[in-house]
Amino acid sequence: MPLLVPPLMAPGTMARRPQPEIDADGLRLRPWRPSDRAAVVAGYADPAIRRWHCRSMTDDEARAWIAGWPERWRRETGAGWAVVDHTGVLGQISLRRLDLAEGLAEVSYWVLPAARGRGVAPRALAALTGWAFTGLGLHRVELSHSTANPASCRVALRAGFPAEGTKRGEGRHADGWHDMHLHARLRGDPDQRTATRPVTGGPAPAPR
Ligand SMILES: CC(C)(COP(=O)(O)OP(=O)(O)OC[C@H]1O[C@@H](n2cnc3c(N)ncnc32)[C@H](O)[C@@H]1OP(=O)(O)O)[C@@H](O)C(=O)NCCC(=O)NCCS
């Protein structure tokens, strides 16, 4: 049956180009490398990341997780970046769901415990979203977080994602169903970011 609304973005929009590195206000988003395995294992060993991302990760699973991102880029079903500074990996951010025909994506992020409280997630989210609109051409980027996770709500607001509502009982976690807040930005929305806190320590050397 013919579609009456043409796809927003043609197949191949992502696959025909390499996954970019993205500047993020003193941080850098770069494609995962095999040598990042220990940081991924450490991430999924953290109780808060386990709680909100509902998974654990062995060393072998981390290797497979990292190896899977290029394939997801080629298939245009997702894209993942390590968030780094000069000290190494601070966290992850990804387009965990992606629909190029509709121009939609859903974001996921976590930050390693030692790197929290420095605006890493809001800066990474704002930068990824800027690229998703202007570099890739998406129409809408959204994220959901449990209503029991106020830190993630702050990240969304700081990155200019207003709250759109509450999805009742949408998130299945280890302790049962959670209501989820939905936040989103549309391409063309006015910049509604609230200022991120200043990063201490002066300018960073080139990220690794
Ligand atoms: C949520 C998370 C990504 C935030 O990353 P971060 O880089 O530390 O973000 P920030 O330093 O900018 O802090 C985020 C905001 O949350 C606030 N915050 C932190 N803990 C909080 C809490 N328990 N309750 C309310 N607000 C909290 C901070 O004060 C900050 O708000 P502010 O900038 O208005 O002061 C990080 O804590 C994390 O990885 N948590 C575990 C995994 C997770 O929750 N992932 C998201 C799933 S949807």
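Where does Cys-54 lie? In this predicted model, Cys-54 is found in the loop between helix H2 (47–53) and helix H3 (59–75). That loop is a good place to begin a walk through the structure.

## Two residues with positive phi

Cys-54 has a phi near 55 degrees, which is a positive value in a residue other than glycine. With a relative accessible area of 40%, Cys-54 is partly exposed, because the partly exposed class runs between the 20% limit for buried and the 50% limit for exposed.

Glu-76 also carries a positive phi, about 60 degrees, although it is not a glycine. Look for Glu-76 in the loop between H3 and S3. Is Glu-76 buried or exposed? Its relative accessibility is 13%, so Glu-76 counts as buried.

## A covered strand

Following the chain past Glu-76 brings us to strand S3, which spans residues 79–85. This strand is mostly covered, and 7 of its 7 residues are buried. In a regular strand, side chains alternate between the two faces of the sheet. For S3, both faces are covered. One side holds Ala-79, Trp-81, Val-83 and Asp-85, the other holds Gly-80, Ala-82 and Val-84, and all of these are buried.

Which strands pair with S3? One is strand S2 (residues 27–31), which runs antiparallel to S3 and is joined to it by 4 bridges. Within this pairing, Leu-29 has Val-83 of S3 as its bridge partner. Another is strand S4 (residues 88–99), also antiparallel to S3, with 7 bridges between them. Here Trp-81 stands opposite Ile-93 in S4. The link from S3 to S4 is a hairpin through 2 residues.

## Aromatic rings that meet

How many aromatic pairs does the model contain? The count comes to 7. In one of them, the ring centres of Tyr-44 and Trp-65 are 6.1 Å apart and the planes sit at 70 degrees, so the pair is edge-to-face. This pair links distant parts of the chain, with Tyr-44 in helix H1 (residues 37–45) and Trp-65 in helix H3, 21 residues apart. Tyr-44 has 4% relative accessibility and so counts as buried. Trp-65, at 12%, counts as buried too.

Trp-65 also forms an aromatic pair with Trp-69, again edge-to-face, with 5.6 Å from centre to centre and 85 degrees between the planes. These two tryptophans are 4 residues apart in helix H3, which means about one helical turn separates them. Both Trp-65 and Trp-69 are buried.

Stepping back, ring pairs link Trp-32, Tyr-44, Trp-65, Trp-69 and Trp-110 into a cluster. Tyr-44 has a charged neighbour as well: Arg-55 lies over the face of its ring, at 5.8 Å from the ring centre.

## A cavity inside

Rolling a probe the size of a water molecule over the atoms shows where empty space is left. A search of the whole structure finds 1 cavity of 30 Å³ or more, and the largest cavity has a volume of about 30 Å³. Its lining is made up of Val-83, Gly-91, Gln-92, Ile-93, Tyr-109, Trp-110, Val-111, Val-120, Ala-121 and Ala-124. S4, strand S5 (104–111) and helix H4 (120–136) are the elements that give two or more residues to this lining.

Some of these names are familiar: Val-83 was the bridge partner of Leu-29, Ile-93 stood opposite Trp-81, and Trp-110 belongs to the ring cluster. By class, the cavity lining divides into 8 nonpolar residues, 2 polar residues and no charged ones.

## The largest pocket

The largest pocket holds about 1,200 Å³ of space. It is lined by 47 residues, and those nearest its centre are Trp-52, His-53, Ser-108, Tyr-109 and Ser-152. Tyr-109 is also one of the residues lining the largest cavity.

Which element supplies the largest share of the pocket lining? That is S5, with 6 residues. At least two lining residues each come from H2, H3, S4, S5, H4, strand S6 (140–146), helix H5 (150–158) and strand S7 (163–173). The pocket lining comprises 19 nonpolar, 14 polar and 14 charged residues, whereas the lining of the largest cavity has no charged residues.

Methods. Residues numbered from 1 in each chain as written. Predicted model: local features only at pLDDT ≥ 70, side-chain atom pairs only at ≥ 80, totals over all residues. Heavy atoms only, no water. Buried < 20%, exposed > 50% of the residue type's maximum accessible area, 1.4 Å probe, protein only. Pairing = 2+ DSSP bridges. 1 Å grid on protein atoms, 1.4 Å probe; cavity = no way out; pocket = protein on both sides within 12 Å on 5 of 7 lines; lining within 4 Å. Points joined across faces, edges and corners; volume = space filled by probe spheres on them. Nonpolar A, V, L, I, M, F, W, Y, C, P; charged D, E, K, R; others polar. Phe/Tyr/Trp six-rings, centres within 6.5 Å; stacked < 30°, edge-to-face > 60°. Lys NZ or Arg CZ within 6 Å of the ring centre and 35° of its normal.
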